[in-house]
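Welcome to this tour. Open your viewer, load the model, and keep the selection box handy.

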Amino acid sequence: MTEDELYAELDRAGIAVEKLEHPPVFTVDESAAIHAALPAAHTKNLFLKDKHKNLWLVVLPSDRRADLKAYAELLGAGKFSFGKAEEMEQVLGVSPGAVTPLAIVNAAPGAVSLVFDAAFEQAERIAVHPLRNTATVALPFAALVPWLEARGHAVRVIALP
């Protein structure tokens, strides 16, 4: 799915999106100005592989420190390692730095397990990249989850340690 197709799909679903264009960012630290300019719950997106070679996309608040060992234990994944850039591009259609839960639409249903931290349920909007790291969009989390599920992707919302 292209970015334009993504926006068209969200529009057809009645999901309001606010977009902010910006220079490329590759880390949460580089995105501080974006957080100030676009009020929403900003994310840290982890593309992971478990010991069984299953792929995962774990989305947590941007200010949260990732604990792969605890996440793997909680999710029954055994052990997590970071997925390779080539796999990310092949399965999600995005490159490192542009990982986003929106990219799950480019994966076959069931190819990647998508997990959001439960903290996003308290947020009015979630801020993610729109398939590239030179823009950030804010959209209602309460609308995002059912939209992804309607496209055949299982979404887990769990309180991550």
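Before the first stop, one definition: a residue is called buried when its relative accessible area is under 20%, and exposed when it is over 50%. A salt bridge here is a side-chain nitrogen of Lys or Arg within 4 Å of a carboxyl oxygen of Asp or Glu. Please also keep in mind that this is a predicted model.

**Stop 1: Aspartate 50**

Select Asp50, which lies in strand 2. What is the nearest side chain of opposite charge to this residue? The answer is lysine 53, 8.2 Å away, and aspartate 50, although buried, has no salt bridge. Now show the backbone of histidine 52: its nitrogen lies 2.8 Å from a polar atom of the aspartate 50 side chain. To see the surroundings, add Trp56, Ala77, Lys79 and Phe80, which are in contact with aspartate 50 once neighbours within four places in sequence are left aside.

**Stop 2: The nonpolar cores**

Next, select Leu92, Phe116, Trp147 and Leu148. These are the residues with the most contacts inside the largest nonpolar core, which has 36 residues. Colour the elements that give two or more residues to this core, among them helix 1 (3-12), strand 2 (41-50), helix 4 (85-92) and strand 5 (112-117). Which element gives the most? Helix 5 does, with five residues.

Zoom in on leucine 92. Beyond its neighbours within four places in sequence, leucine 92 is in contact with residues including Phe47, Ala103, Ile104 and Val112. A second, separate core has 14 residues, including Leu48, Leu60, Phe80 and Val115. In soluble globular proteins, nonpolar side chains tend to be buried together.

**Stop 3: Threonine 100**

Move to Thr100, in the loop between helix 4 and strand 5. Is threonine 100 buried or exposed? Its relative accessible area is 0%, so threonine 100 counts as buried. Select Asn45, Leu57, Val128, His129 and Leu131 to show what threonine 100 touches, not counting residues up to four places away in sequence.

**Stop 4: Charged pairs**

Side chains of opposite charge can pair when their charged atoms come close. The model has eight salt bridges by the rule given at the start.

Begin with glutamate 9, which is partly exposed at 22% relative accessibility. Arginine 12 forms a salt bridge with glutamate 9, and the closest N and O atoms are 3.3 Å apart. The two residues are three apart in helix 1, so about one helical turn separates them. Arginine 12 is exposed, with a relative accessible area of 63%.

Glutamate 9 also forms a salt bridge with arginine 151, with the closest N and O atoms 2.8 Å apart. This pair links distant parts of the chain, 142 residues apart: arginine 151 is in the loop between helix 5 and strand 8 (155-158), and glutamate 9 is in helix 1.

Now select Asp117 and Arg64, whose salt bridge has its closest N and O atoms 3.0 Å apart. Aspartate 117 is in strand 5 and arginine 64 is in the loop between strand 3 and helix 3 (68-75), 53 residues apart. Aspartate 117 counts as buried at 3% relative accessibility, while arginine 64 is partly exposed at 23%. Finish this stop with Glu3, Lys19, Glu21 and Arg132, joined into one network by salt bridges that share partners.

**Stop 5: The annotated span**

Finally, select residues 22-142, covered by the annotation "domain: YbaK/aminoacyl-tRNA synthetase-associated" in an unreviewed UniProt entry. The end C-alpha atoms of this span lie 26 Å apart, and the span is 20% helix and 30% strand.

Conventions
Residues numbered from 1 in each chain as written. Predicted model: local features only at pLDDT ≥ 70, side-chain atom pairs only at ≥ 80, totals over all residues. Heavy atoms only, no water. Core = buried A, V, L, I, M, F, W, Y, C linked by side-chain atoms within 4.5 Å. Buried < 20%, exposed > 50% of the residue type's maximum accessible area, 1.4 Å probe, protein only. Helix = DSSP H or I, 4+ residues; strand = E, 2+ residues; numbered from the N terminus. Contact = heavy atoms within 4.5 Å. Lys, Arg positive; Asp, Glu negative; His and termini not counted. Polar contact = N/O pair within 3.5 Å; in protein donor to acceptor, adjacent residues only side chain to side chain. UniProt positions renumbered as here; feature names shortened; annotations may be inferred.
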